[in-house]
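Please open the model in a viewer and keep the sequence panel beside it. The tour below proceeds by selection, one stop at a time.

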Amino acid sequence: MRYVDEYRGADLVHTLTEKLHALSNRPVRIMEVCGTHTMSIFKHGLRQMLPKNVQLISGPGCPVCVTPSGVIDAFVELAGRPEVIITTFGDMIRVPGTGNSLMQAKAAGADVNIVYSPMDSLTIAEQNPDKLVVFLSVGFETTTPTIAATILEADRRKIGNFCVFPANKTMPAPLKALMEDPKLQVDGLLCPGHVSIISGSEIYRFLVDDYGIACVVAGFEPTDILLSIIALVKQVQEDRPALENCYGRVVTAEGNVKARTIVDTVFTQVDSEWRGLGSIKSSGLTLREEYSSFDIIKRLDIQIAPSSEPKGCRCGDVLKGINQPPDCPIFGNRCTPGSPVGPCMVSSEGTCAAWYRYGDLN
Ligand code: SF4
């Protein structure tokens with residue numbers, strides 16, 4: 001497949017791996033911020049190709065995983081209301097709250113639908129004028145522009161029985177929070193490629209300037225990731241942390257200004273609660289006053305209960321990069337993809353799911 005195969009070529013992967021081994025001369029700890037990077041690294045067996053002194057640590061870049069249990073409980077409670085139809089991306093449906101998941105609510109009769117685009121929710125709303133259709137708005141910068149465009153379209157078409165449950169989060173505020181956690185020791189960040197397409201690479205500049213952390217924006221194919229790790233190892237070993245963009249075929253310094261304008265039209269920043277990381281200033285989005293009629297939290301005065309983790313669950317510390325999945329006492333026994341206890345075992349971007357599916361390849 002064009003634009004994919006050339007970034008997966010075995011010869012190039014081996015050449016880059018040899019280069020990395022020849023280069024590496026001291027321990028370097030790198031956090032891959034994005035869950036899609038985590039999955040790609042495991043899926044392509046990259047961990048076992050790295051020099052022993054290059055350590056990869058997974059970070060908080062899985063939007064489903066960082067959604068706190070109190071919000072998931074509110075989703076499930078909402079789904080149980082007879083007048084409500086829920087629409088959601090697929091990963092969220094199996095994440096357990098403190099009680100049930102949306103899948104269990106669906107099994108009990110709730111109307112919960114997986115959609116591939118939030119725009120599909122508008123069709124469902126028009127087909128069900130006597131119901132209230134609620135899209136569970138979870139995601140980072142990558143998905144928020146489409147959700148904002150859906151709200152604008154609902155407004156234009158005057159679809160009054162459509163709402164969103166705003167639970168979107170943004171980078172880079174959680175990275176600042178992580179850098180200020182003394183328990184986390186990292187030398188460099190593999191910065192998320194998808195988020196950067198929208199936000200631009202410059203949002204990470206403060207991590208270099210204020211924290212001396214090496215930052216490289218990376219794509220998702222094996223050669224993208226290896227090239228980015230080489231760039232990070234060089235920076236750390238030469239003690240010259242910098243911001244580099246190794247995903248230049250789609251990421252620019254300023255990002256997608258048009259997409260951000262659409263988001264800014266509909267959403268405004270708020271403090272937000274992250275699983276494991278707690279409340280982080282200006283790290284979430286809510287609807288602006290002009291669009292508040294589409295905000296189900298305001299429309300139904302929904303109260304979100306304080307969050308708590310299931311007994312024994314280490315998702316919070318996994319998301320902070322302090323623990324790895326096998327450190328969780330219930331990893332692979334009580335918590336498996338077939339019977340997940342925490343969100344990191346559910347999501348297609350979840351660290352525990354990646355470790356379980358592809359094993360520890362070190
Ligand atoms: Fe959470 Fe399950 Fe991972 Fe433990 S194994 S950290 S409970 S997802």
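The stops that follow go from the ligand to the strands and then to individual backbone features.

This is a predicted model, in which local features need pLDDT of at least 70 and side-chain atom pairs count only at pLDDT 80 or more, while totals for chains, interfaces and linings use all residues. Residues are numbered from 1 along each chain as its sequence is written, and side-chain values use heavy atoms, with hydrogens and water left out.

**Stop 1: the ligand**

Select the ligand and display the residues around it, meaning those with a heavy atom within 4 Å of it. The selection should contain Cys-313, Arg-314, Cys-315, Cys-328, Ile-330, Phe-331, Cys-335, Gly-342, Cys-344, Met-345 and Cys-352. By class, this shell has nine nonpolar residues, one polar and one charged. In this scheme Ala, Val, Leu, Ile, Met, Phe, Trp, Tyr, Cys and Pro count as nonpolar, Asp, Glu, Lys and Arg as charged, and the others, Gly among them, as polar.

Where does the ligand sit? The ligand occupies the largest cavity. A cavity is a set of points, on a 1 Å grid over the protein atoms alone, where a 1.4 Å probe fits but cannot get out; a molecule sits in it if more than half of its atoms lie within 2 Å of its grid points.

**Stop 2: strand S3 and its partners**

Next, select residues 84–88, which form strand S3. Helices (H or I, at least four residues) and strands (E, at least two) are DSSP runs, numbered from the N terminus. Five of the five residues of S3 are buried, that is, under 20% relative accessible area, where exposed means over 50% and partly exposed lies in between (1.4 Å probe, protein chains only).

In a regular strand the side chains alternate between the two faces of the sheet. On one side of S3 are Val-84, Ile-86 and Thr-88, on the other Ile-85 and Thr-87, and all are buried.

Add residues 111–114 to the view: this is strand S4, joined in parallel to S3 by four bridges. Two strands pair if DSSP finds at least two bridges between them. Thr-88 has Ile-114 as its bridge partner in S4. Then add residues 132–137, strand S5, which also pairs with S3 in the parallel sense over four bridges; here Ile-85 is partnered by Val-133.

Centre on Thr-88, which has a relative accessible area of 2% and is therefore buried. Contact means heavy atoms within 4.5 Å. Leaving aside neighbours within four places in sequence, Thr-88 contacts Val-112, Asn-113, Ile-114, Val-115, Phe-135 and Leu-136.

**Stop 3: strand S6**

From S5, move on to strand S6, residues 162–166. S5 and S6 run parallel and are joined by five bridges, with Leu-136 opposite Phe-165. Because five of the five residues of S6 are buried, the strand is largely enclosed by the rest of the structure. Phe-162, Val-164 and Pro-166 point one way, and Cys-163 and Phe-165 point the other.

**Stop 4: Met-31**

Select Met-31 in strand S1, residues 28–34. Is this residue buried or exposed? Met-31 is buried, with a relative accessible area of 0%. Beyond four places in sequence, its contacts include Ile-57, Pro-60, Leu-178, Val-186 and Lys-320. The C-alpha atoms of Met-31 and Asp-187 are separated by 8.2 Å, although the two residues are 156 apart along the chain.

**Stop 5: a hairpin**

Select strand S10 (residues 267–274) and strand S11 (residues 278–287), which pair in the antiparallel sense over seven bridges. Thr-268 stands opposite Thr-286. The two strands form a hairpin with three residues between them, and Gly-276 in the turn has a positive phi of about 85°.

**Stop 6: backbone features in loops**

Most residues other than glycine have a negative phi, and most peptide bonds are trans. Lys-158, which is not a glycine, has a positive phi of about 55°. Lys-158 is in the loop between helix H7 (144–156) and S6 and counts as exposed at 73% relative accessibility.

Asp-301 likewise has a positive phi, of about 50°. Asp-301 lies in the loop between helix H13 (296–299) and helix H14 (315–319), and counts as exposed at 55% relative accessibility.

Finally, select Met-171 and Pro-172: the peptide bond between them is cis, with omega near 0°. Pro-172 is in the loop between S6 and helix H8 (173–179).

Definitions and conventions:
1 Å grid on protein atoms, 1.4 Å probe; cavity = no way out; pocket = protein on both sides within 12 Å on 5 of 7 lines; lining within 4 Å.
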